[in-house]
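Hi,

Here is the structure I promised to pass on. Have a look at it first, and my notes on the ligand site and the cysteines follow below.

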Amino acid sequence: MPSKTNNGVGVQVEDTKICVVMVGLPARGKSYIAQLAQRYLQWLSIPAATFNVGNYRRHDAPQPTADFFDFSNPEGERKRRAAAEAAVADMLAWFRTGGVVGILDATNSTKERRKWVWDTCTAHGIEVLFVESKCDDEKVIMANIRDVKLTSPDYRGQDPEDAAQDFRNRIKHYEKVYKTIDADHDEDSYTYLKLMNVGKQVIINRIQDYLQSRIVYYLMNLHIRPRSVWLSRHGESLYNLSGRIGGDMLLSPRGEQYAKKLPELVRESVGDDRPLTVWTSTLKRTIATARFLPPHYNQLQWKALDELDSGVCDGLTYQEIKDRYPEDFAARDEDKYNYRYRGGESYRDVVIRLEPIIMELERSEDILIVTHQAVLRCIYAYFMKKDQAKSPWMNVPLHTLIKLTPRAYGTEEVRYEAHIPAVSTWRGKGSTAKHENPTPESL
Ligand SMILES: O=P(O)(O)OC[C@H]1O[C@@](CO)(OP(=O)(O)O)[C@@H](O)[C@@H]1O
């Protein structure tokens with residue numbers, strides 16, 4: 001049985017089980033949306049998994065041509081039905097092991113199929129949330145076809161032009177039977193979210209509970225316009241130099257050099273003509289680091305971006321913490337993600353307070369965030385799908401600008417080093433060294 005935990009969204013989620021059922025024609029970004037929803041939920045420590053019916057179908061029909069998807073082809077129809085049944089059976093088994101949000105990634109394009117999924121799930125006490133992605137933007141559809149054609153195992157080893165043509169034919173078969181979720185008649189009782197051209201228009205029907213509304217709110221904030229997120233720690237601080245944690249110190253002379261160099265690094269990475277919004281924490285070291293950036297960049301300070309609050313340990317070195325609070329020091333090393341400083345925070349707490357930041361980031365265009373080691377680890381873990389237990393041990397060097405660009409199948413990363421020396425603030429398990437070289441696994 002899953003333990004009683006408050007899973008980040010502030011609710012006891014172990015009694016809730018939701019099947020998010022994707023709906024829509026091929027090449028409408030369903031898998032992309034499914035992948036983002038799963039990433040968001042897992043970041044909040046909510047057990048989530050995606051069941052892609054295409055993967056099940058490939059066991060039986062690895063590289064079918066478009067006529068396999070002709071709904072008047074009985075053999076194709078039978079195999080596709082069997083694949084859906086196998087995916088749903090695995091999903092139900094996964095729910096029994098403590099799963100909370102299962103995402104059924106398939107076209108689910110007919111009313112019959114949706115009714116079958118709804119009946120099956122509700123018979124097992126699982127709530128159903130349909131998420132339909134509609135898209136009439138030819139550019140987006142073409143980009144999706146290109147992505148699918150290039151990356152799908154269905155077309156591996158085939159001529160790209162032939163693959164694209166076959167995929168278009170496959171879409172035509174689906175178009176013949178596809179029915180949008182019908183709000184006026186028999187599907188009115190369903191819980192659903194319809195996304196038109198991801199982010200342009202949404203329709204919501206009968207959202208029932210808090211977790212459903214969190215998922216819907218997240219999906220409503222997504223957009224697919226090209227953009228990047230830049231992350232930087234503040235320049236080296238006086239506390240970084242002396243190996244002290246927390247505090248609200250100003251920059252060291254080398255930290256000042258980084259602040260002066262940052263506009264050049266940003267220009268090199270962003271270019272001159274892209275409008276950029278800069279977010280800092282409310283602490284002096286991030287504000288000082290961002291102060292030489294061009295005045296036409298809008299700057300905003302967020303309390304939510306302040307460094308992890310180390311409570312009674314604020315201002316101490318790791319050696320002092322070990323001397324004064326040996327049990328706490330050991331407990332933190334044992335489970336760094338969950339350990340909460342006396343009178344302060346844990347990494348898990350930081351993730352919870354960062355949720356509005358993530359939501360705002362998803363809605364936004366280009367953003368540069370100047371923040372702190374722990375906060376940056378949490379934001380980075382969201383974009384790069386890092387395991388939460390490992391993320392607090394990641395090395396995030398000072399004086400380095402990180403550019404993250406969301407793509408259809410993951411996030412691309414580029415790092416720009418300022419080549420201004422700084423101490424390392426990374427610390428390995430058990431160590432109390434003031435400055436330590438990161439191990440290769442932490443990089
Ligand atoms: O979780 P650990 O690894 O202790 O890292 C967080 C620490 O990083 C530090 C530097 O050691 O952050 P910061 O970037 O704000 O200087 C501390 O202030 C903070 O407590």
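A quick definition before the ligand site: I call a residue near the ligand if one of its heavy atoms lies within 4 Å of it. Please keep in mind that this is a predicted model, and that goes for everything below.

**The ligand site**

With that cut-off, 15 residues surround the ligand. The closest of them are Gly246, Arg285, Tyr318, Lys336 and Tyr347. By class, the shell splits into 6 charged, 6 polar and 3 nonpolar residues.

Which side chains put a polar atom next to an oxygen of the ligand? Lys336, already listed among the closest residues, has a polar side-chain atom 2.7 Å from a ligand oxygen. Arg332 does the like at 2.8 Å, and for His234 the distance to an oxygen atom of the ligand is 2.9 Å. As for cover, the ligand on its own would expose 460 Å², and the protein buries 98% of that. The space that the ligand takes up is also the largest cavity.

**The cysteines**

I also went looking for disulfides, and a search of the whole structure turned up 0. The cut-off here is a pair of cysteine sulfur atoms within 2.5 Å.

Two cysteines are worth a look on screen. For Cys121, the closest cysteine sulfur belongs to Cys19, but the gap is 4.0 Å, so the two are too far apart for a bond. Cys313 has its closest cysteine sulfur in Cys378, 18 Å away, which is again too far for a bond.

Are these two buried or exposed? Cys121 is buried, with a relative accessible area of 0%, and Cys313 is buried too, at 2%.

That's it from me. Shout if anything is unclear.

Cheers

Conventions:
Residues are numbered from 1 along each chain as its sequence is written. This is a predicted model: local features need pLDDT of at least 70, side-chain atom pairs count only at pLDDT 80 or more; totals for chains, interfaces and linings use all residues. Side-chain values use heavy atoms; hydrogens and water are left out. Buried means under 20% relative accessible area, exposed over 50%, partly exposed in between (1.4 Å probe, protein chains only). A polar contact is a pair of N or O atoms within 3.5 Å; within protein, one must be able to donate a hydrogen and the other to accept it, and residues adjacent in sequence count only if both atoms are side-chain atoms. Accessible areas come from the Shrake-Rupley method with a 1.4 Å probe; for residues, only the protein chains shown count as cover. On a 1 Å grid over the protein atoms alone, a cavity is a set of points where a 1.4 Å probe fits but cannot get out, and a pocket is an open set with protein on both sides within 12 Å along at least five of seven lines; lining residues have an atom within 4 Å of a point. A molecule sits in a cavity or pocket if more than half of its atoms lie within 2 Å of its grid points. Ala, Val, Leu, Ile, Met, Phe, Trp, Tyr, Cys and Pro count as nonpolar, Asp, Glu, Lys and Arg as charged, and the others, Gly among them, as polar.
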